[in-house]
Amino acid sequence: MDYQKFLSTRSKARTPSAIRALMPYLKQKDMLSLGAGQPNPETFPYASMSVTLKSGETINFDNELFQRSLSYDLTTGLPQLNEWLRELQVTEHAPPCKEFDLAIGSGSQDLLTKAIEMFAEPGSAILVEEPTYTGVLSFLKSQPVDLVPVDTDAKGINPEKLDQILTNWPNSNPTGKKVQPRPQVLYTIPVGGNPTGVSSTLERKKKTYEICQKHDIVIIEDDPYYYLQFNTPRTPSYFSMDVDGRVLRMDSMSKILSSGIRIGWVSGPKVFIERMNMHTMSTNLQPAGIPQLMAYGLLAEWGHDGFLRHVDQVANFYRERRDVFAEALERNLKGLAEWVVPDSGMFVWIRLLGGITDSNELILQKAVKNNVLAVPGTVFMPLNNKTPCVRVSYSCIETDQMDEALRRLATVISEESNS
Ligand code: PMP
């Protein structure tokens, strides 16, 4: 692959931090360093760290690693954690491109914004699913790029529509005006979509990958709900079918260990990860040390098998909630809305019926007044279109309050459709 053509001018201009570039040499045997601008950790007041798990078990963190994690460290994250995650990627996804690199970030949001900036050449266009994650949309909308929505349905992204957009992209303009270059990047949430809860089927994923090969598109696979799939075996990722090295995969600990721990990781082509590292070197320098140690201490103790057992328990937790919520939806919203019961994640995307074309006011004014919160669909629309859809989540509401919440929502929907 010719990776250079995907990089924005801004990303190409990023150079390594001269000081950070010396860091790997610090660990070299026999090196005497007069170069470090590091504070001396002896002055730090923290002596040791341990955490107690809900299982009752206590993890005492290795003291050397603890001291290390109090100091500045590598841009790509704590090497032990980086290696653990790399092995996880290999065992879980068996990526055909063995040469992939991996970097840890402060949540996947940190890495997503860096990836987007790497590709966002002024005047270019980026393909995004419609609807899509509002947290990424708000960053994309601050970038000098246009967004090109790709349709999704109950089976996920629609590859035929993607192909149509790219095939019909104008090569020339009859008026002689410069045409916008064809998009080179697709941002997709393949599992438990935020906001739709829908996952792209394996067939759709394969087809989408083929279309991306045909048009030479790079895929940003944003997959924080990957381990929250309710059916086994998990549907393979784009990363697992990436024979070309065109997938930049984002993972996150937010839904499986802790969201406040702020740990995400990106896996993909070396050139892209290197550019993102340059970005980190000049912004937040590295992911925070203590959260990485907190994650690593536990993960090393669990091993990959223990981790996979844990994520199965998390997926089961959400599957049980999904089941209760699906029944409550049937009881309360039948005839007032339509939805697809999700097979992963924590969201349901409901389409309000009764001639409602825009859910914004209904959700932000009337539902709030009736003491029920949901998110109006328009915030997930790349071009801010009005939509009768609403995102509701079953992740945190008590199961015995689901009926009441949906009953309150039903009241405002029926009042609106009768008015
Ligand atoms: N992508 C998607 C689709 C998300 O739903 C979220 C979290 N809401 C993120 C990325 C950001 O996750 P993190 O906490 O890892 O930054």
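How many bridges join E11 to strand E12, and in which sense do the two run? I have put the answer in point 4 and begin with the part of the fold around E9. Please keep in mind throughout that this is a predicted model.

1. **Strand E9, covered on both sides.** Let me start with E9, which spans residues 247–252 and has six of its six residues buried. In a regular strand, side chains alternate between the two faces of the sheet. For E9, one side carries Val 247, Arg 249 and Asp 251, and the other carries Leu 248, Met 250 and Ser 252. Residues on both faces are buried, the charged-looking names included: Arg 249 and Asp 251 are covered like the rest.

2. **The neighbours of E9.** On pairing, E9 has a parallel partner in strand E8 (residues 218–222), with four bridges between them. Within that pairing, Asp 222 has Met 250 of E9 as its bridge partner. E9 also pairs with strand E10 (residues 263–268), this time in the antiparallel sense and again over four bridges. Here Asp 251 is matched with Trp 265 in E10.

3. **The shell around the ligand.** There are 13 residues around the ligand, and those that come nearest are Gly 107, Ser 108, Gln 109, Ser 252 and Ser 254. Ser 252 will be familiar from point 1, as one of the buried residues of E9. Helix H5 (residues 107–119) gives the most to this shell, contributing three residues. Sorted by class, the shell holds nine polar residues, three nonpolar and one charged.

4. **The open sheet E11-E12-E14-E13.** Back to the opening question: two bridges join E11 to strand E12 (residues 347–352), and the two run antiparallel. In this pairing Ala 337 stands opposite Leu 352 of E12. The sheet as a whole is open, with four strands in the order E11-E12-E14-E13 and antiparallel pairing. Strand E11 (337–338) and strand E13 (375–376) are at the edges with a single partner strand each, so one side of each has no neighbour in the sheet.

5. **Leu 137 in helix H6.** A last residue to look at is Leu 137, which sits in helix H6 (residues 134–140). Leu 137 counts as buried because it has 20 C-beta neighbours inside 10 Å, and the cut-off for buried is 20 or more. Leaving aside residues up to four places away in sequence, Leu 137 touches Thr 132 and Pro 382. Ser 8 is 129 residues from Leu 137 in sequence, and their C-alpha atoms are 19 Å apart in space.

Technical notes:
Residues are numbered from 1 along each chain as its sequence is written. This is a predicted model: local features need pLDDT of at least 70, side-chain atom pairs count only at pLDDT 80 or more; totals for chains, interfaces and linings use all residues. A residue is buried if 20 or more other C-beta atoms lie within 10 Å of its own, exposed if 12 or fewer, and partly exposed in between; C-beta atoms are placed from the backbone. Two strands pair if DSSP finds at least two bridges between them. A residue is near a molecule or strand if its C-beta atom, placed from the backbone, lies within 6 Å of it. Ala, Val, Leu, Ile, Met, Phe, Trp, Tyr, Cys and Pro count as nonpolar, Asp, Glu, Lys and Arg as charged, and the others, Gly among them, as polar. Two residues are in contact if their C-beta atoms, placed from the backbone, lie within 7 Å.
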